[in-house]
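This report looks at a charged surface patch and at a group of paired strands. The sequence and the structure come first, and the description follows.

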Amino acid sequence: MKKIDPNLRRILSYLNPYKKEFLLVGLTLLISTAIGFFQPLVIRAITDDGMLQRDMAVIARSALVLAALVIVSQAIDLWQTHIFADIHNKSYYAVFRQVFEKLLHLEKSYFEDKNNTEILSFLQMDVSQVSSITDRYMVMSASYVFRIISGLVGLFVISWKLALVVLAMVPVKFFLVRRMSKRREKAMDAMIESSRDFSRWFGDNLNGVDEIKLWNLFQSRERIFAQKQRELLGLEKKGTMIDGWNTFWEMLLEWSVTIVLYLLGGWLICTGSLTIGAVFAFSSYSGYVTGPVSALINLKMYFARIMPSARRLFQFLDMETELDAGRKHIENKPPKLEFRDVAFRYEENRPILQGVNFTVEPGEKVAIIGQNGSGKSTILNILLRFYQPNAGQVLADGIDANSLSLENYRSLFSVVSQEPYLFLGDILENVNLTGLTTEKQLQAALKDSGVAHYIARMPDREKTQIGRNGAKLSGGEKQKLAVARALLKDAPVVILDEATSGFDVESDAYLHDIIVNQMQDKSVIIITHHYNNLEGMDKVYRLEDGALAAVGRCRYSNQQYFLGVIPQCPDS
């Protein structure tokens, strides 16, 4: 016996939360089936007992009964539409929320070779396809079984000979759809990959629109756009034509059956074996069988469109998330941080860090210097558990960082990176990210970071919208906003990765004073190229060739900073 595809099983699992709703729908389906069974009989009565006998009373009574049956049937149909709309919306939300939560917990490496347009495009497509399992078409397919049964009963009651003609259509239709569905699934796979490639390319060009303008790349980009669109639209047309051919053969088959029924039905009427009303009723019952049978068989075509998206979505949902197996917690105070023989590489034979050892004692101010690409930011990514070292350990108060709850561990750090990300919204929303701080704390962070100085010039002050990733702010204003955000978090460890790169000299000196003199109770880790920022540091480490060496503790003069000199200072 062929096993059910695991992906299909997972798709169907999205129906489980709505068992009560489906039970209610099932009860109404029984009523609809009964109504559907009696409608052709009423039509036969109107034809044979009313029209042919010229009895207006029978016609009127039967017409009223038919009208009542139609009204009840349509009312049930409308109620079912309401129920299915709710079920579909809840299902779509549940799947998309699952995807969103997965995205937030994926490893950082997932986002390094993808852009946001690509991610959003293919995930929206996959979520939409998979959640369509709760669409009315899919769920109502169960009702077709009841309708087919009632239709078959009606067919055999009227004429078993004609019933056999209708049933002969089923195996032909089955083999036809089976062949078409395989072609449809292949076409859908190709279209998804082409759509994903286009979204990746499109998002990359949007992100690089300034370069396109500076290098006058309009014609070359438009040429590539046209090429990719032709490929994508061609695949979409191919899929549409497969559906079209399926409809063509389906209609040809159904009309062939209908024509045969007219010929045989006419012959039976002429021989007196059937009445005209019986043939009309038979035609209605045959619709109860051929339509639902076609719909049930077409489920294979339906799933042929869904399965490629389902495979990709479930592959995404099964991806590794950030390591968070730890259950231990430590107090919200500066811990002793230690790198012990840490090694890391992005690719084989491309080591970035090799046997890195250093400690940050509680309350220490530590600087890490080195050339671009030497691995300074990699050290921070490992410290923050965005990356896992290939060898060695990161310890906090002697506890392996991976043994700590990720949420608890990261709550120890406030971070200002060289290129901080700012969310859509206003200035305050980007400083007070949690919305839980007091007004006094907020104003202090704005003042100490220098944000308070420039918001006075803003049109709506702290309510000024800053655009996508702070596009309406200067580099220095963005950086100060990020500093305010970090100060407001008030974490025991402050990390600044080229945090003052956009600051003027005065602002830089002001923040440096806060770090050195007003953060006595905090540990501070600074990555910088500004050697004057090393003044007041307890330790300075230089990263070179993947190894970290202590430079020492000393005072750096502005002259040394401007000359780009890194003096070798003995420990003091």
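Helices in this report are DSSP runs of type H or I with at least four residues, numbered from the N terminus. In this predicted model, lysine 300 belongs to one such run, helix 11, which covers residues 299-317. Lysine 300 is also a member of a positive surface patch, in which it is joined by Arg178, Arg179, Lys182, Arg183, Lys186 and Lys238. The greatest contribution to the positive patch comes from helix 7, residues 169-207, which supplies 5 residues. Because its relative accessible area is 41%, lysine 300 is classed as partly exposed, a class that lies between the cut-offs of under 20% for buried and over 50% for exposed.

The second region is centred on strand 9, which spans residues 539-544 and is mostly covered, with 5 of its 6 residues buried. Strand 9 is paired with strand 3 in the parallel sense and with strand 10 in the antiparallel sense, as set out below.

| Partner of strand 9 | Sense | Bridges |
|---|---|---|
| Strand 3 (residues 365-370) | parallel | 5 bridges |
| Strand 10 (residues 547-550) | antiparallel | 4 bridges |

Within the parallel pairing, isoleucine 368 has tyrosine 541 of strand 9 as its bridge partner, while on the antiparallel side glutamate 544 stands opposite alanine 547, a residue of strand 10. Strand 9 and strand 10 form a hairpin with 2 residues between the strands, and in this hairpin aspartate 545 adopts a positive phi near 55°.

Definitions and conventions
Residues are numbered from 1 along each chain as its sequence is written. This is a predicted model: local features need pLDDT of at least 70, side-chain atom pairs count only at pLDDT 80 or more; totals for chains, interfaces and linings use all residues. Side-chain values use heavy atoms; hydrogens and water are left out. Patches are made of residues with over 30% relative accessible area and no salt bridge: like charges are joined within 9 Å, nonpolar side chains (Val, Leu, Ile, Met, Phe, Trp, Tyr) within 5 Å. Accessible areas come from the Shrake-Rupley method with a 1.4 Å probe; for residues, only the protein chains shown count as cover. A salt bridge is a side-chain nitrogen of Lys or Arg within 4 Å of a carboxyl oxygen of Asp or Glu. Lys and Arg count as positive and Asp and Glu as negative; His and the chain ends are not counted. The place of a charge is taken as NZ of Lys, CZ of Arg, CG of Asp or CD of Glu. Buried means under 20% relative accessible area, exposed over 50%, partly exposed in between (1.4 Å probe, protein chains only). Two strands pair if DSSP finds at least two bridges between them.
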